Amino acid sequence: MSRSCLCRTASSKAAQTTGEAYKPLLDGLEEGRLMRSKLSWEGGDLQFIRDPSDPARLILFHGSAARSYWGKDLDDAEYAYVLRTEFGADASIDLSGLSAHVDYVVALLPLDKTVLLTKPIRGDADLARAAAAMLQQAWGKGGAELAAALQLACKLETASRKQPHPRDARAHAARFSQLEDDIDDALAADLDAYTRRYCPGSEDCFEGAGRAAMFERDPALLKRALDGVSAMLARAELTPKLLGVIEAQLRREPWPRELLLDRKAREIQALGFRVVRTPRIAGENAGAWPGVAYVNALAWGRRIFLPTLGLGQYEQTLFDELAAQLPSYELVPTPARDALLRNGGVHCVFGLVRAKPQ
């Protein structure tokens, strides 16, 4: 029997206390086929679809994000068994080790018995140039100088198959870190004037009560200041990740995870699904950053809302190629740069509200 779950109740004492605080709300939501899960879990790491050959069977796609809550002592088969039992699934596909959550690995299209499975992009000079152009746009004049250097360092010479070494890009990254990232001169001057007038010598001019006072005195200046800080933080997030993306295009041999993805594609196809490999922009040495996974999308009927980083024509070309493989769907590019840079996407941040039948 398939079931939909409303909540997760963590096993730790602190989480149990928090869970108790929300218990009345969650109890009020429980009705009909909606029920409470007994396990701690992370929603982005659980995806469900009906078996293409037998709609009565439910298939679970899962990772291992919840193992730290309650499954540390279980082996892979035991962990999968507990998940299938809790959620009423008849079979499961284990995507552990491929990303923090499986919504960065797969998107499920039940109307066409189709699974979108991520495929990292590599050796793509156009992607390197698009990433460098984004750096140029983010950093203005200084970024233009860096972008030109990166384009030169990361050019893929297909005729000779000569590859620049990743250290070349890292050297430019080190130089890049020395570029000025201050807010613009006009804003800095206006903030200095505000400080001299209202809070000379104070360290709380722009925090707490000082920020509240600034909202009353000069809301336009406060907005400019917050926008400037936001832009600086965005550049700080964007820069190392785009440099990692550029470096990744210098690599030709596959990562071990790519080989695992290929095996999972065959496993999914064996169940009767059509598998469409979907681009993923991954970074070299990106650590915990999952990159830009276009499978982190939201399918709503015949529309698929895809996240966009803002790579312009390069990204549009990717979508055109994907649309050709999904002719019965409308692909809707959805700006999601901030979410993508912070380990998110569209699936991670969208919520759905289904109206009750009249």
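Visitor: What makes β10, β11 and β12 an open sheet, and in which order do they lie?

Guide: In this predicted model, the three strands lie in the order β10-β11-β12, with mixed pairing. The edge strands are β10 (298–300) and β12 (330–335), and each pairs on one side only. From one strand to the next, the twist averages 25°.

Visitor: How do you know that β10 and β11 pair?

Guide: Two strands pair if there are at least two bridges between them. Three bridges join β10 to β11 (residues 303–308). Therefore β10 and β11 count as paired. They run antiparallel. Trp300 stands opposite Arg303 in β11.

Visitor: What packs on this sheet, and which strands are touched?

Guide: Helix α10 (residues 313–325) packs there, touching β11 and β12. The helix direction makes about 155° with that of β11.

Visitor: Why is the pair Arg303 and Glu330 called a salt bridge?

Guide: The cut-off is 4 Å between a side-chain nitrogen of Lys or Arg and a carboxyl oxygen of Asp or Glu. For Arg303 and Glu330, the closest N and O atoms are 2.9 Å apart. That is within 4 Å, so the pair is a salt bridge. Arg303 lies in strand β11 and Glu330 in strand β12, 27 residues apart.

Visitor: Are these two partners buried, partly exposed or exposed, and how do you know?

Guide: Buried means under 20% relative accessible area, and exposed means over 50%. Arg303 has 43%, so it counts as partly exposed. Glu330 has 40%, so Glu330 is partly exposed too.

Visitor: How many salt bridges does the structure hold?

Guide: It holds 11. One of them joins the side chains of Asp190 and Arg224, at 2.8 Å from N to O.

Visitor: What makes the pair Asp190 and Arg224 a tie between parts apart in sequence?

Guide: Asp190 lies in helix α6 (residues 185–198). Arg224 lies in helix α8 (residues 219–248). The two parts are 34 residues apart in sequence, so the pair ties them together.

Visitor: Why are Asp190 and Arg224 called partly exposed?

Guide: The class runs between the buried limit of 20% and the exposed limit of 50%. Asp190 has a relative accessible area of 34%, so it falls in this class. Arg224 is at 35%, so Arg224 does as well.

Visitor: What makes Asp262 and Arg277 a salt bridge?

Guide: The closest N and O atoms are 3.1 Å apart. The limit is 4 Å, so the pair qualifies. This pair also links distant parts of the chain: Asp262 in helix α9 (residues 256–270) and Arg277 in strand β8 (residues 274–281), 15 residues apart. Asp262 has a relative accessible area of 27% and is partly exposed. Arg277, at 22%, is partly exposed.

Visitor: How do you know that Leu25 is exposed?

Guide: Its relative accessibility is 53%. Exposed means over 50%, so Leu25 counts as exposed. Leu25 sits in helix α1 (residues 13–29).

Visitor: Which residues form a nonpolar patch with Leu25?

Guide: Tyr22 and Leu29 join Leu25 in this surface patch. Together the three have about 320 Å² of accessible area.

Visitor: What makes the phi of Lys113 worth a look?

Guide: Phi of Lys113 is near 50°, a positive value in a residue other than glycine. Lys113 lies in the loop between β6 (106–109) and β7 (114–120). With a relative accessible area of 43%, Lys113 is partly exposed.

Visitor: Where is Arg84, and which residues does Arg84 touch?

Guide: Arg84 is in helix α3 (residues 76–87). Leaving aside residues up to four places away in sequence, Arg84 touches Leu60, Ala89, Asp90, Ala91 and Ser92. His62 is 22 residues from Arg84 in sequence and 9.8 Å away in space, C-alpha to C-alpha.

Visitor: Why is Arg84 called partly exposed and not buried?

Guide: Its relative accessible area is 23%. Buried means under 20%, so Arg84 is not buried but partly exposed.

Visitor: What is the secondary structure of the whole protein, and how much is buried?

Guide: The protein comes to 12 helices and 12 strands. Of its 358 residues, 42% count as buried. About 19,500 Å² is exposed, and carbon and sulfur atoms supply 53% of that area. Among contacts between residues at least 6 apart in sequence, 70% join residues at least 24 apart.

Methods: Residues are numbered from 1 along each chain as its sequence is written. This is a predicted model: local features need pLDDT of at least 70, side-chain atom pairs count only at pLDDT 80 or more; totals for chains, interfaces and linings use all residues. Side-chain values use heavy atoms; hydrogens and water are left out. Patches are made of residues with over 30% relative accessible area and no salt bridge: like charges are joined within 9 Å, nonpolar side chains (Val, Leu, Ile, Met, Phe, Trp, Tyr) within 5 Å. Accessible areas come from the Shrake-Rupley method with a 1.4 Å probe; for residues, only the protein chains shown count as cover. Helices (H or I, at least four residues) and strands (E, at least two) are DSSP runs, numbered from the N terminus. Buried means under 20% relative accessible area, exposed over 50%, partly exposed in between (1.4 Å probe, protein chains only). Axes are lines fitted to C-alpha atoms, for helices over the stretch in contact, and angles run from 0 to 180 degrees between N-to-C directions. Contact means heavy atoms within 4.5 Å.
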